[in-house]
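Subject: Structure handover

Hi,

Here is the structure I promised to pass on. My notes follow below it.

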Amino acid sequence: MSDLPLDLVEEILSRVPATSVKRLRSTCKRWKAIFKDERFIEKHLSKAPKESMVLMLKGDRVCPVSVNLNVAPPAMEFEGALGLKDSQSSLEEVDIVDVFYCDLLLCNTKDCRLVVWNPCLGETTWIPGKTVYKVYSRFTLGYIQNNKSCRSYKILRWWGYFSKTQFEIYEFSSDSWRVLKDVGFDRAIDIQYHGYRSGASSLKGNTYWVATDTKEHYEFILCFDFTAEGFKRLRLPLFQIHGEVTLSVGREEQLSALKRSFDRSKIEMWVTNKKIDIESELLWSKSYIVDLPIFSYPFDIFTSLLIDAEKKVSLCCNICILSRGNLVKVYTIGEDGEYYTETPSQCWVSHNSRPVIFNYVPSLFQIK
């Protein structure tokens, strides 16, 4: 291929899946330059086949989960952990307490450090801090799309409660943090991230949470727009039951919402349409509803879920609070209770760790 025009080489490489094309980065200087071109990375994202896979934060490691949805009930198997190497020692792996996915993995480590990780390329970028991050700090990763259709990544950090909540943005371009003010976050907003309650989800560069208005007593979706650097409120679906809401992102770039009733084992699944526009209200449609005698609230607590709207299947990650500790389990649930399987992950977690299961697409994205 050395005799081919560069634009033709680029066109061919842009159609090769990320897990295969990554091996070609060191072929020659010419190709190495292509893989560093942000324009090519965006082109590859749009043209290459998507290699979607399920990852789970199991204990203090990120593990692939093999899920076969073509059988009922689905077959599920945990695979070997993906090792995240310590920046201070290439022979040691770090312990992870939380993961946030937005093209790349933003990991919070047990020793309160922050790192952005591309498991596909094996590349990491450790984020500097003035001091060790406060225990109650929360972080999400997002991006803005610039004029060249390239992504500029940022990290949102917030800590505190209600009126004392503070926000900072880390920009990779300047390698520095700056304080955010007037972001549209008022003291009546309670983000559901305390303890084991639902965490954040990322879709198209923005972050979404389930939140509560403590004055008006209603739940809604809180979105942080990384372009405007501010918060917006969006509607949740009109659930038929009362209970706890868990938010996630499906395989088709749709928001998914699960609501489980407090008083009985009924769970309700909803998904948005595929065109998410934070400037307008979300359009929801009910995916399915399940009534099964399997949960004993509050001893089983949802921490995350993954919904396949097409196959009408949900993967729910739970913490089971037992006398000897907190056991992590993964459930697969089919439409109308067609099947239900329980898969213990054989790991126990501390109060600071929140098991997360999410859909991951290997990519060539790099942090510069």
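Asp 103 is buried, because its relative accessibility is 15% and the cut-off for buried is under 20%. The residue lies in the loop between S6 and S7. Its phi is near 65°, a positive value in a residue other than glycine. Keep in mind that this is a predicted model.

The hairpin around Asp 103

Strand S6 covers residues 96-102 and pairs with S7 in the antiparallel sense. Six bridges hold that pairing in the assignment. The two strands form a hairpin with one residue between them, and Asp 103 is in the turn. Across the pair, Tyr 101 stands opposite Leu 105.

What lies on the other side of S7? Strand S8, residues 114-118, is joined to S7 by four bridges. S7 and S8 run antiparallel. Leu 105 has a bridge partner here too: Trp 117 in S8. S7 and S8 also form a hairpin, with four residues between them. Cys 112 sits in that turn and has a positive phi of about 65°.

S7 itself runs from residue 104 to 109. How many of its six residues are buried? The count is six of six, and the strand is mostly covered. Both faces are covered. One side has Leu 104, Leu 106 and Asn 108. The other has Leu 105, Cys 107 and Thr 109.

Another positive phi

His 217 has a positive phi of about 60° and is not a glycine. The residue lies in the loop between strand S16 (206-213) and strand S17 (218-225). Is His 217 buried or exposed? His 217 counts as exposed, because its relative accessibility is 65% and the cut-off for exposed is over 50%.

Two residues in strands

Trp 177 lies in strand S13, residues 176-180. Its relative accessibility is 18%, so Trp 177 counts as buried. Ile 127 is 50 residues away along the chain, and the two C-alpha atoms are separated by 10.0 Å.

Asp 291 lies in strand S22, residues 284-291. Asp 291 is partly exposed, because its relative accessible area is 48% and partly exposed runs between the 20% and 50% cut-offs. Ser 261 is 30 residues from Asp 291 along the chain, with 9.8 Å between the C-alpha atoms.

Where S1 pairs

Strand S1 (residues 53-58) pairs with strand S27 (residues 356-360). The sense is antiparallel, over five bridges. Met 53 stands opposite Tyr 360 in that pairing.

S1 is also joined to strand S2, residues 61-68. Five bridges link them, and the strands run antiparallel. Val 54 has Val 65 in S2 as its bridge partner. S1 and S2 form a hairpin with two residues between them. Gly 59, in the turn, has a positive phi of about 70°.

Cavities

How many cavities of 30 Å³ or more are there? The count comes to three. The largest cavity has a volume of about 90 Å³. Its lining has 13 residues. His 44, Leu 45, Lys 50, Val 361 and Pro 362 lie nearest the centre. Helix H4, residues 38-47, gives the most to this lining, with three residues. By class, the lining of the largest cavity has nine nonpolar, two polar and two charged residues.

The chain as a whole

The chain has 368 residues, and 54% of them are buried. There are four helices and 27 strands. Among contacts with a separation of 6 or more, residues 24 or more positions apart account for 51%. The accessible surface comes to about 17600 Å². Carbon and sulfur atoms own 50% of that surface.

In brief

S7 has S6 and S8 as antiparallel partners. Asp 103, in the loop between S6 and S7, is buried at 15% relative accessibility. His 217, in the loop between S16 and S17, is exposed at 65%. The largest cavity, about 90 Å³ in volume, takes three of its lining residues from H4.

Best wishes

Definitions and conventions: Residues numbered from 1 in each chain as written. Predicted model: local features only at pLDDT ≥ 70, side-chain atom pairs only at ≥ 80, totals over all residues. Heavy atoms only, no water. Buried < 20%, exposed > 50% of the residue type's maximum accessible area, 1.4 Å probe, protein only. Pairing = 2+ DSSP bridges. Contact = heavy atoms within 4.5 Å. Areas by Shrake-Rupley, 256 points an atom, 1.4 Å probe, with all protein chains shown as cover. 1 Å grid on protein atoms, 1.4 Å probe; cavity = no way out; pocket = protein on both sides within 12 Å on 5 of 7 lines; lining within 4 Å. Points joined across faces, edges and corners; volume = space filled by probe spheres on them. Nonpolar A, V, L, I, M, F, W, Y, C, P; charged D, E, K, R; others polar.
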